[in-house]
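Student: I should like to learn how the features of a structure are read. May we begin with the place of the ligand?

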Amino acid sequence: MKLDGVQTRSIWLEPDGWRVGIFDQRKLPWQTQRLVLGTMGDAAVAIAGMATRGAPLIGAVAAYGLALALRADPSEAALAQAVEALAATRPTAVNLRWALERVRAVVSPLAPGKRAAAAYAEAARLCDEDVAVNRAIGDAGLPLIAALAERKSGAPVNILMHCNPGWLATVDWGTATAPVYLAHDAGFRVHVWVDETRPRNQGALTAFELAGHGVPHSYIVDNAGGHYFQRGAVDMVIVGTDRVAANGDVCNKIGTYLKALAARAHGVPFYVALPSSTYDPATPSGDAIPIEERSGSEVAAITGPDDAGLLVSAAVTRSPVRNPAFDVTPADLVTAYITEAGVLVGPQALAAAFPVKA
Ligand code: MRU
């Protein structure tokens with residue numbers, strides 16, 4: 001997608017051909033700053049510190065992080081240590097482990113001298129595939145929006161989104177945003193209710209993306225959704241996810257579950273957009289998904305630019321804080337999963353589309 005009018009991905013190789021570039025998402029949407037990762041440690045710090053975010057993108061950064069590690073030391077011990085260090089950066093999104101195991105499977109059988117180049121090549125393949133997969137999610141989801149547009153005789157289709165399931169959270173296109181971008185480009189009238197997604201305000205990234213693509217949208221506080229459902233102003237929900245368990249339970253940013261409950265109460269379809277890399281058949285149900293508990297400081301203060309554009313923090317409370325970063329939406333609240341293999345209804349359809357490789 002475009003940033004400041006220039007076609008870009010959210011991760012790239014620097015002109016030197018080995019360092020890795022990303023946007024510093026702690027600064028967006030206020031400042032566009034790029035970070036250059038030159039070591040595995042840089043990649044790990046970027047993921048753990050949320051300079052880079054979103055399940056597919058942290059997988060891509062981890063894959064390149066492994067390549068950086070092997071460039072420095074291609075030994076067996078360094079490989080094992082780098083995989084574990086990168087995997088430990090965040091617990092919930094399964095794409096992280098998926099990407100690391102994918103690169104490890106390619107490099108492990110190779111002589112140490114060949115490992116770094118092979119890891120870079122696999123990381124690049126993974127990124128290209130992510131772009132194609134998200135585009136396919138868009139193609140699969142577009143008819144759902146088109147059908148609602150027809151039913152509404154051309155009135156805007158109101159889509160509620162939570163967190164940032166956009167191109168900044170993937171390599172390009174986004175998961176839940178891909179059908180919306182395609183619908184907008186095809187001339188369908190859409191309007192997106194963008195949940196702010198406290199405490200890290202990932203909704204501000206979604207709004208920034210939608211604005212950049214000219215998609216009509218409104219930024220709302222997380223608690224406003226119920227009101228708009230009640231007024232008939234939400235036609236569908238599309239969210240992304242960080243992990244879908246074998247039974248179809250969906251783990252996504254904290255607050256997603258409440259939106260699924262509201263959607264069910266109002267008879268509004270609740271769709272989950274995911275690449276197969278987010279499907280985790282090894283985890284039986286949502287109860288078994290590790291939920292990241294982040295620092296209370298994220299809730300106890302808000303951050304934004306001052307009049308001079310400098311990012312500053314202001315306290316909200318001095319009380320004890322709990323800060324679970326994700327929640328689980330039970331499978332029975334999910335209308336369908338929008339995937340690169342099409343729109344799938346129920347966990348059996350997911351299992352059939354994405355069988356476990358022997
Ligand atoms: O904690 P974050 O910012 O990494 O969480 C991002 C999300 O929860 C996204 O909605 C998610 O990764 C799925 S869609 C790309």
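Student: Which cavity is the space taken by the ligand?

Tutor: On a 1 Å grid over the protein atoms alone, a cavity is a set of points where a 1.4 Å probe fits but cannot get out. A molecule sits in a cavity if more than half of its atoms lie within 2 Å of its grid points. Here, the ligand takes up the space of the largest cavity. The model is predicted: local features need pLDDT of at least 70, side-chain atom pairs count only at pLDDT 80 or more, and totals for chains, interfaces and linings use all residues. Residues are numbered from 1 along each chain as its sequence is written, and side-chain values use heavy atoms, with hydrogens and water left out.

Student: Which elements give two or more residues to the shell around the ligand?

Tutor: Helices (H or I, at least four residues) and strands (E, at least two) are DSSP runs, numbered from the N terminus. In this structure, the elements in question are α2 (55-72) and β11 (250-253).

Student: Why does the ligand lie between domain 1 and domain 2?

Tutor: Domain bounds come from an automatic or database domain assignment. Both domain 1 (2-129) and domain 2 (139-353) contribute residues to the shell, so the ligand lies between them.

Student: Which residues come nearest to the ligand?

Tutor: A residue is near a molecule if one of its heavy atoms lies within 4 Å of it. There are 18 residues around the ligand, and Ala-55, Arg-90, Gln-202, Asp-242 and Lys-253 come nearest.

Student: How should polar contacts with the ligand be read?

Tutor: A polar contact is a pair of N or O atoms within 3.5 Å. A polar side-chain atom of Arg-90 lies 2.8 Å from a ligand oxygen atom. For Gln-202, a side-chain N or O atom is 2.8 Å from an oxygen atom of the ligand, and for Asp-242 a side-chain N or O atom is likewise 2.8 Å from a ligand oxygen atom. The protein covers 99% of the 410 Å² of accessible area (Shrake-Rupley method, 1.4 Å probe) that the ligand has on its own.

Student: Where are the cis peptide bonds before Pro-29 and Pro-199?

Tutor: One joins Leu-28 and Pro-29, with omega about 5°; Pro-29 is in the loop between β4 (20-23) and β5 (34-37). Another runs from Arg-198 to Pro-199, with omega near 5°, and Pro-199 is in the loop between β7 (190-195) and α7 (202-213).

How values were computed: Polar contact = N/O pair within 3.5 Å; in protein donor to acceptor, adjacent residues only side chain to side chain. 1 Å grid on protein atoms, 1.4 Å probe; cavity = no way out; pocket = protein on both sides within 12 Å on 5 of 7 lines; lining within 4 Å.
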